[in-house]
Amino acid sequence: MSNPAPRPDDQGEKAVPDGGGRGFLGKLGARMAAPRPETAPGIQTREALLLLQNYEESGQGWFWSTDADGRLTYITQYVAEQMGRTATALLGASFSDLFLPVDSHGERQRTLPFLLTKQSKFDELPLRCAFEGDQRWWAVSGRPHFDGGGRFTGYRGSGIDITAQRRSAEDASRLAMYDSLTGLANRFNISKKLDTTLAAFAQQQRSCAIMLLDLDRFKQVNDTLGHPAGDALLKQVAERLLKIVGDKEMVSRLGGDEFQIILPDIEDRGKLGDMASDIINSLSQPYSVEGSRCIIGASVGVAISPFDGDNSDNLVRNADLALYAAKGNGRGRFSFYSSDLHQSAEDRRALEGDLRDALARGEMALSYQPIVNAKTNTVTGMEALVRWTHPERGPISPALFIPIAEEANLIWALGEWVLRKATEDAAAWPGEMRVAVNVSPIQFANAELPKIVTHALAASGLPPAQLELEITESVFLGDSAETSHMFKALKGLGVRLALDDFGTGYSSLGYLQSAPFDKIKIDQSFVRGATEAGSRNGAIIAAIVALAEALEMETTAEGIESLDQLDLIRKLNVSHVQGYVYSKPVSNDELLRHAESGNWTIKPTGPARQRTDRFHMFRKVGAIHDNHRYAVVMRNLSATGAFIEGIMDVPLGTQFVIDFGEGQLVTGTVRRSKQHQQGIEFETSMVSDGNGGLCTRHRVSPYLIAAAAQHSGGLSLPMFTTTSDWTGK
Ligand code: C2E
Ligand code: MG
Ligand code: MG
């Protein structure tokens, strides 16, 4: 042994090499072994010491002792070494300084210093090494010792290494609490957290939002690129989420491609909407997975406690409903929970059923929207847009039913019908107008697509060069071998390819160079953004146009409604325009009437500039003035104001609180007033509800409503006449 532990009673003694062992027991044993008349108890003691020495050397346990002040008088050498010290160096050190307390999962742990000062005995106290390095844990036991006079003389004790047990217990609890793939909290963990948070917050009258998140088209990644790719993608999704949310403990993966985020103390729907958009944008950027580039999207449902539920079950159920609505509205969106979503969820399920029979019942039709050369105003082609007229509900937007068709495996039949009908119609058009047909990414991923296109072309007699297929960039358009095969096969047929909805977050400029598109369609939202002050979209559009020209591609700006947008688009050299400024989609008959001569030119008409979005509607709301609530009808609504009907002759400058229901109150001032109609300007702007509608940033908390109900003095008499009083006169 290199460093015999010096003890007062063995000062100057030399350890015997073979009995040297690793501690004083070894040396004591050696001393005992000196030639002396041996007695039976002597042999016994010697045997005991040797056994103890062997035990120490085996590393299964160790010993320690202190003086009355808690200073080490002995410690087994190998433990000292595990602490990165030597036994000699540790002698005289305070025993309790060697350890950190180990958190013992909720049980209150008596601390070592406390036990030592109390001179209590202790058994298997879990302790962690206080020194840096390879972390070790021990279960330490100790007994106080007293001299003949009953005076405390110090401790003697032992310890065993419990590092392995600790580690496996920690691993097990990590497994039980965290998702092994992404390292995020798992479903069990987050739901416990939500339960405790909501319970505590209800007492403190605080609010808490949750977001449920589901990846769009993740299943296709798994199916086409394989599960390891899917796993790699999920990890990257988790990293992107953490970057935005910040608090690691509040983000969880519930399983599959579903995530949940807890956001304590946020009820501002403006902020939550911004955050949801950030998340969607970030997750929609391309991923590089095992060498392939792939693109997915995300939808988000948001519910806020206490407004949308006061316990975790309700809140999660309602966030789920909001998520379902966000998906139903075309994906890549967020949606706030509101009580009318229960109805729309049912509607959607019903629609899915009706959609199955819609084709057979002849409810589908095509309309055609002109695509116009921006310089000459001549129509160069048409985009075929599918229309569904539901027998009871009337026209239903493709933005609503196409995703349903994709999910319910109906997109194939529908897509084939559109292709056949569009090529058949286009073959009869005068001149050489092209027809553009939208192809769902799901159709694009099916190896049968070229065959179907060939059949449609053959049956209609339409020259292939007059057919353009519009595809949105998606997971299928990654750099995979299947994608390049499909591109080759389609180009081999002689048809043209257009990249649809460029600028919606799915597409990237670099990608254009490798994909054989003949045209890029710049999305409506991107063009609209370009006319806003401070927007960089204009510069990006200019870059797209330059790149497209270099690659000999055409460009089309979609959704141009106003003359100022058209002006901008022309200045940016976009070659084609599609939008209401030229024409809304028209029926095939109407198209034939216009295009009869084989040459169709349209003069652009529309508003001079894009107005702030106004929603025309007929919605019953409350208008509160001077403690009286009037029932009025809202005729239109923008973020900054509304037009209401129902109260007579209200003076300008009158203040109203508009009650939209569900705690949504907005204060506003009457700026225009004519008999029964008032234009009201809001004090604070409303915010997007993620589905093209508006909602208030804040809501009146149920806590406040409960408190107010206790002090309410009732409503006062009306100051104004209403139209219902008036018509009664
Ligand atoms: P898209 O391919 O980007 O089609 C353009 C959409 O913008 C059409 O909406 C069109 O009516 C609309 N639009 C055009 N100009 C304006 C304008 O100036 N202002 C406004 N506000 N809107 C304008 P639509 O017909 O509702 O179609 C929506 C989407 O549904 C299409 O977007 C396309 O992705 C999908 N879709 C439509 N028909 C089909 C189809 O036959 N097959 C597939 N797979 N998808 C289709
Ligand atoms: Mg399109
Ligand atoms: Mg588009």
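What spacing do the donors of the magnesium ion (ligand 3) follow along the chain? In this predicted model, the spacing is D-D-x56-E. Donors here are N, O and S atoms within 2.8 Å of the metal (3.2 Å for Na, K and Ca); water is not among the atoms, so sites may look incomplete. The protein donors are Asp500 (OD), Asp501 (OD) and Glu558, which is listed with OE twice. They lie 2.0 to 2.4 Å from the ion. Asp500 also coordinates the magnesium ion (ligand 2), and the two ions are 4.0 Å apart. Asp500 is buried, at 6% relative accessibility, whereas Asp501 is partly exposed, at 23%. Buried means under 20% relative accessible area, exposed over 50%, and partly exposed in between (1.4 Å probe, protein chains only).

An open sheet of five strands has the order S8-S9-S7-S12-S13, with mixed pairing. Strands S8 (251–255) and S13 (334–336) stand at the edges; each has a single partner strand, so one side of each lacks a neighbour in the sheet. Strands (E, at least two residues) and helices (H or I, at least four) are DSSP runs, numbered from the N terminus. Two strands pair if DSSP finds at least two bridges between them. S8 and S9 (residues 258–264) pair in the antiparallel sense over four bridges. Arg253 has Phe259 in S9 as its bridge partner.

Residues are numbered from 1 along each chain as its sequence is written, chains are lettered from A and ligands numbered from 1 in the order in which they are written. Local features need pLDDT of at least 70, side-chain atom pairs count only at pLDDT 80 or more, and totals for chains, interfaces and linings use all residues; side-chain values use heavy atoms, without hydrogens and water.
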